[in-house]
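Trainee: I should like to go through this model with you, one feature at a time. May I ask my questions in turn?

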Amino acid sequence: MDIEIALDNMGLRLPPPIKAPAEVKLPFSFVRVQGGLAYVSGHGPQNRDGTIAGPLGKVPADVSIEQGYQAAKLVALSMLGSLKRELGDLDRVSAWLRIFGMVNCAPDFAQQPAVINGCSDLILALYGPDRGAHSRSAVGMSSLPFNMPVEIEAIVAID
Amino acid sequence: MDIEIALDNMGLRLPPPIKAPAEVKLPFSFVRVQGGLAYVSGHGPQNRDGTIAGPLGKVPADVSIEQGYQAAKLVALSMLGSLKRELGDLDRVSAWLRIFGMVNCAPDFAQQPAVINGCSDLILALYGPDRGAHSRSAVGMSSLPFNMPVEIEAIVAID
Amino acid sequence: MDIEIALDNMGLRLPPPIKAPAEVKLPFSFVRVQGGLAYVSGHGPQNRDGTIAGPLGKVPADVSIEQGYQAAKLVALSMLGSLKRELGDLDRVSAWLRIFGMVNCAPDFAQQPAVINGCSDLILALYGPDRGAHSRSAVGMSSLPFNMPVEIEAIVAID
């Protein structure tokens, strides 16, 4: 329960499952566990009621870099919410391995790392420099579902 | 042979290896097996003769969402064709783990899930809700090789 | 030491750790090792002094396909440099498994494979057709950090 205590101490709360618009079918698993690894689907930023959190649109025209950083932090919380529901206990994550950070941005935007740091910083703050260490890419996408500014997928090792 | 019987019952046929334009060199493996996992390269939609299947271009300007859905289904068949050649028997796939769905689309397109569902729906229909369950991202790319509307890569567990 | 001897025979040298602009924070691991796999972060082309190598920009407007091919080769060297620092010996890489090649390009560019071949060709030349074989995607991104023309991430098996 250490990770959840840490989240609580930071004033952060895990969101419920994503509430996508009714007409959208998402026939996949948000976390898929096999062979000591959990494959985490692409997640977006959520409000506390589970809906997709704004601001929506592209960085930096519609969403500032600082807002993008906050969105990436919300994406980390969304992934942690899915991991909690799948694993029962976030302390079962023994190592973060891969974070693939996708930024919905204009063709001339080149500061994707500053956005995806919102996710990396939270994971490192929660899990520490050993368990929290992760490989990462932070790249620019033409567009993302629901016009989200950030989507992130991950692979973690579990006990 | 259960999966191939199921494919046959659906009237679906696995395509032969991709026939890319002669000047294009593809010096990689379509499936790479190691440690109980098969890493599946990015695949595109194929015709029954192995050539790249149209319609080509961007969703939704050149390729409708419904056509994109059908293209994603063809991509699933292309991946299954490669897995069959590599593994000998599609029943050796014990679990689908990760599907990374890339849609060639305009910067304002936000319905990538509706396109990539063409792949997810077929995998779930063939492998069922346990073996077929998979993590997934469905995202928008600036462009794709050969101007394909959809490209998908995957990781699966094998017996 | 065979791989490093081969690099030397090719007149190639591994770059030092990336020297990113001072204001950019990169709080992740360039290589993350767990369970016999090394997850390699997204890397870019480097100069011999560790700085990001030009030409920068989009393929083919700012960077020709041939220059993109050379950039992808430099990315392979950058990944090898990170693997050498993490593993101590590049011969510990027993199999290349997945290469995800991202090209910073215009929406109508469709020759991503010709660019990413710069990476695949070097890996195959160094590691040979068995250890060097890899699954691959080569796709078009809206934009990349630092306006790099190519970024590549990978997964390799290690002894």
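Mentor: Certainly; one definition comes first. Two residues are in contact if their C-beta atoms, placed from the backbone, lie within 7 Å. Helices (H or I, at least four residues) and strands (E, at least two) are DSSP runs, numbered from the N terminus. The model is predicted: local features need pLDDT of at least 70, side-chain atom pairs count only at pLDDT 80 or more, and totals for chains, interfaces and linings use all residues. Residues are numbered from 1 along each chain as its sequence is written, while chains are lettered from A and ligands numbered from 1 in the order in which they are written.

Trainee: Which residues of α3(C) does α2(C) meet, and in which hand do the two helices cross?

Mentor: The axes of α2 (residues 65-87) and α3 (residues 112-131) of chain C come within 7 Å and cross at roughly 40 degrees; axes are lines fitted to C-alpha atoms, for helices over the stretch in contact, and angles run from 0 to 180 degrees between N-to-C directions. From α2(C), residues including Ile65(C), Tyr69(C) and Ala76(C) meet a set in α3(C) that includes Ala114(C), Cys119(C), Leu122(C) and Ile123(C). A crossing is left-handed if the near helix is turned anticlockwise from the far one by less than a right angle, and right-handed if clockwise. The crossing of α2(C) and α3(C) is right-handed.

Trainee: At which residue does α3(B) bend?

Mentor: A straight helix of 20 residues would span 28 Å at 1.5 Å a residue, yet α3(B), residues 112-131, spans only 24 Å between its end C-alpha atoms; the expected span is 1.5 Å times one less than the number of residues. The bend at a residue is the angle between axes fitted to the seven residues ending there and the seven starting there. In α3(B) this angle is about 80 degrees, with Pro129(B) following within four residues of the bend, at Ala125(B).

Trainee: Which strands stand at the edges of the sheet in chain A?

Mentor: Two strands pair if DSSP finds at least two bridges between them. The open sheet of chain A has five strands in the order β1-β2-β5-β3-β4, with mixed pairing. Each edge strand has a single partner, so one of its sides is left without a neighbour in the sheet; the edges are β1 (31-34) and β4 (135-141) of chain A.

Trainee: Which residue of β4(A) stands opposite Met102(A)?

Mentor: Strand β3(A), residues 93-104, runs parallel to β4(A), and seven bridges join them. Opposite Met102(A), in β4(A), stands Val139(A).

Trainee: What symmetry relation links chain A to chain B?

Mentor: Copies are superposed by least squares on the C-alpha atoms of residues with pLDDT of at least 70 in both. A turn of 120 degrees with a shift of 0.0 Å along the axis lays chain A on chain B with an RMSD of 0.0 Å. That is the relation of a three-fold axis.

Trainee: Which strand gives the largest share of the side of chain B that touches chain C?

Mentor: The contact takes 24 residues from chain B and 26 residues from chain C. On the side of chain B, β1 (31-34), β2 (37-43) and β5 (150-158) each supply at least two residues. The largest share, four residues, comes from β2(B).

Trainee: Which residue of chain A follows a cis peptide bond from Gly54(A)?

Mentor: The residue lies in the loop between β2 (37-43) and α2 (65-87) of chain A. With omega about 0 degrees, the cis bond joins Gly54(A) to Pro55(A).
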